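Got your viewer ready? Load the model, switch on the cartoon, and follow along one selection at a time.

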Amino acid sequence: MSYDKKKQFIVNILFYAIITAIFVFAVKYALRWIMPFVVAFIVSAIINPFALKVAKDFRVSKKFAACFSAFLFYAIGIGIIVLAGFGIYTALRRLFFDLPQIYTESFNLRWLRQ
């Protein structure tokens, strides 16, 4: 391998190392500040087509349709989170109430095997 090729290889490695360091820095520090804007952009991209369809079909203002669509989106999202939380709570509650019986059955089966 010639000296120029080695030099080019080292320059390429340093270049990719710097790009990787910048990417890690951006993900670790800057993403925390940018994430609310990214989430808002995604939510608006989801809501906007529905709001335009509501405004067109029901002949209401775009502002009202956008507010209605945003309210509906967040109401459905919060409803899903509440139902999931309630399901998890119910499953854990049932597990904790059944745990003594499960333990007793498991303990009794071990004594029967011996």
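Helices here are DSSP runs of H or I with at least four residues, strands are runs of E with at least two, and both are numbered from the N terminus. You're looking at a predicted model, in which local features need pLDDT of at least 70 and side-chain atom pairs count only at pLDDT 80 or more, while totals for chains, interfaces and linings use all residues. Residues are numbered from 1 along each chain as its sequence is written, and side-chain values use heavy atoms, with hydrogens and water left out.

**The whole chain**

Start zoomed out. The protein has two helices and zero strands. Its radius of gyration (taken over C-alpha atoms) is 29 Å, well over the 13 Å that the globule rule gives for 114 residues, so the protein is more spread out than a compact globule. That rule is 2.2 Å times the number of residues to the power 0.38. Along the principal axes, the C-alpha trace spans about 80 × 70 × 20 Å.

Now turn on the surface. About 10600 Å² is exposed, and carbon and sulfur atoms supply 75% of that; areas come from the Shrake-Rupley method with a 1.4 Å probe, and for residues only the protein chains shown count as cover. Buried residues (under 20% relative accessible area; exposed is over 50%, partly exposed in between) make up 6% of the 114 residues.

**Select 25 and 29**

Phenylalanine 25 and tyrosine 29 sit four residues apart in helix α1 (residues 3-58), about one turn of the helix. Aromatic rings of Phe, Tyr and Trp (its six-membered ring) pair if their centres lie within 6.5 Å; planes under 30 degrees apart are stacked, over 60 edge-to-face, and the rest tilted. The whole structure holds three such pairs. Here the ring centres are 5.1 Å apart with planes at 45°, so this pair is tilted. Phenylalanine 25 is exposed at 51%, and tyrosine 29 is partly exposed at 39%.

**Select 73 and 74**

Phenylalanine 73 and tyrosine 74 also form an aromatic pair, this one edge-to-face, with 5.4 Å centre to centre and 75° between planes. Phenylalanine 73 is partly exposed at 28%, and so is tyrosine 74, at 45%.

**Select 34, then its patch**

Isoleucine 34 lies in helix α1 and is partly exposed at 43%. It belongs to a nonpolar surface patch of about 1200 Å², whose members include Trp33, Met35, Val38 and Phe41. Patch residues have over 30% relative accessible area and no salt bridge; like charges are joined within 9 Å, and nonpolar side chains (Val, Leu, Ile, Met, Phe, Trp, Tyr) within 5 Å.

**Select 53 and 57**

Which side chains meet in a salt bridge? Those of lysine 53 and aspartate 57, at 3.2 Å from N to O. A salt bridge needs a side-chain nitrogen of Lys or Arg within 4 Å of a carboxyl oxygen of Asp or Glu, and the count comes to one. The two residues are four apart in helix α1, about one helical turn.

**Select 59**

Arginine 59 is in the loop between α1 and α2, exposed at 77%. Check its backbone: phi is positive, about 55°, although arginine 59 is not a glycine. Most residues other than glycine have a negative phi.

**Last stop: 69**

Is serine 69 buried or exposed? Serine 69 is buried, at 2% relative accessible area. This residue lies in helix α2 (residues 62-113). Leaving aside neighbours within four places in sequence, serine 69 is in contact (heavy atoms within 4.5 Å) with Ile47, Phe50, Ala51 and Val54.

Technical notes
Buried < 20%, exposed > 50% of the residue type's maximum accessible area, 1.4 Å probe, protein only.
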